[in-house]
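Here are a few short exercises to work through with the model open in your viewer. Try each task before you read its solution.

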Amino acid sequence: GIRYVLGNPVYVGLVRCGEEIFPGRHQPIIEKELFDRVQALRRKIEDNVVKRRREPALLNKLLYDCYGRLMTRHYTTNDDHFRDYYASLQNEWGRRHGQMTLWARADSLERLICVALQDLLANRELVRSGLLRSGCVDHRLERLTERTDSAVRRVQGMKPAELGDLMRALLVRIEFGT
């Protein structure tokens, strides 16, 4: 209700007709200065939301909670600060068993996963054993194993969209738990 009141020009003595706003004959119940400050704050928050929503969710379709529920990205604002989180989707099983939604700060979790991916790519033994298990036993094995350092450098320089694509190509599932 307060959000509606603070966004409605009628409460500052104006009348809206379509897209146009005219001075009204009624007395305002909110000061114009307060109304203008609130509108500026709302625009700032909305700009942040729009900007963040354009950024790809790196862990989209990869992240699950420890109960097997998909976690999706959510956006919140708090005291003029914009934050985004991954939250598990509630399902019938979760409701029946009283399992609450799990929340994780998106920036922290994405950074953690990126570091883990870089550590994985920097570990030649793990890369080599993964390549062997995938059937790579010919001359490519040594050449690919030798490139782990350059792979890490490339990951560090990737844009978020590229990094998300790489994660979905290399990782099947990430599970998050408390």
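**Exercise 1. The largest pocket**

Task: work out how much space lies in the largest pocket and which residues lie nearest its centre.

Solution. Keep in mind that this is a predicted model. Start with the volume: the largest pocket holds about 520 Å³ of space. Next, look at the lining, which is made up of 19 residues. Nearest the centre you'll find L121, V127, L131, A151 and L170. Now ask where the lining comes from: α4 (106–122), α5 (124–133), α7 and α8 each give two or more residues to it. Finally, sort the lining by character, and you get 12 nonpolar, 4 polar and 3 charged residues.

**Exercise 2. Placing T148**

Task: decide whether T148 is buried or exposed, and find what T148 is in contact with beyond its neighbours within four places in sequence.

Solution. First, locate the residue: T148 sits in helix α7, which covers residues 148–156. Then check the accessibility. The relative value for T148 is 3%, and buried means under 20%, so T148 counts as buried. Last, list the contacts, skipping neighbours within four places in sequence: L121, A122, R124 and V127. Two of those names should ring a bell, since L121 and V127 are also among the residues nearest the centre of the largest pocket.

**Exercise 3. Salt bridges, buried and partly exposed**

Task: find how many salt bridges the model has, then say how R69–D65 and R105–D107 sit with respect to the surface.

Solution. The idea behind the search is simple: side chains of opposite charge can pair when their charged atoms come close. With a cut-off of 4 Å between nitrogen and carboxyl oxygen, the count is 10.

Take R69 and D65 to begin with: their side chains meet at 2.6 Å, N to O. R69 has a relative accessible area of 2% and D65 one of 0%, so both partners are buried.

Now turn to R105 and D107, whose bridge spans 3.1 Å, N to O. Here R105 comes out at 33% and D107 at 28%, so this pair is partly exposed.

**Exercise 4. A bridge within a helix**

Task: what separates D165 and R168 along their helix?

Solution. Begin with the bridge itself: the closest N and O atoms of D165 and R168 are 3.8 Å apart. Both residues belong to helix α8 (residues 160–170), and because they are 3 residues apart there, about one helical turn separates them. R168 is partly exposed, at 33% relative accessibility. Elsewhere, R73, D84 and E110 are joined into one network by salt bridges that share partners.

How values were computed:
Residues are numbered from 1 along each chain as its sequence is written. This is a predicted model: local features need pLDDT of at least 70, side-chain atom pairs count only at pLDDT 80 or more; totals for chains, interfaces and linings use all residues. Side-chain values use heavy atoms; hydrogens and water are left out. Buried means under 20% relative accessible area, exposed over 50%, partly exposed in between (1.4 Å probe, protein chains only). Helices (H or I, at least four residues) and strands (E, at least two) are DSSP runs, numbered from the N terminus. Contact means heavy atoms within 4.5 Å. On a 1 Å grid over the protein atoms alone, a cavity is a set of points where a 1.4 Å probe fits but cannot get out, and a pocket is an open set with protein on both sides within 12 Å along at least five of seven lines; lining residues have an atom within 4 Å of a point. Grid points are joined across faces, edges and corners, and a volume is the space filled by probe spheres set on the points. Ala, Val, Leu, Ile, Met, Phe, Trp, Tyr, Cys and Pro count as nonpolar, Asp, Glu, Lys and Arg as charged, and the others, Gly among them, as polar.
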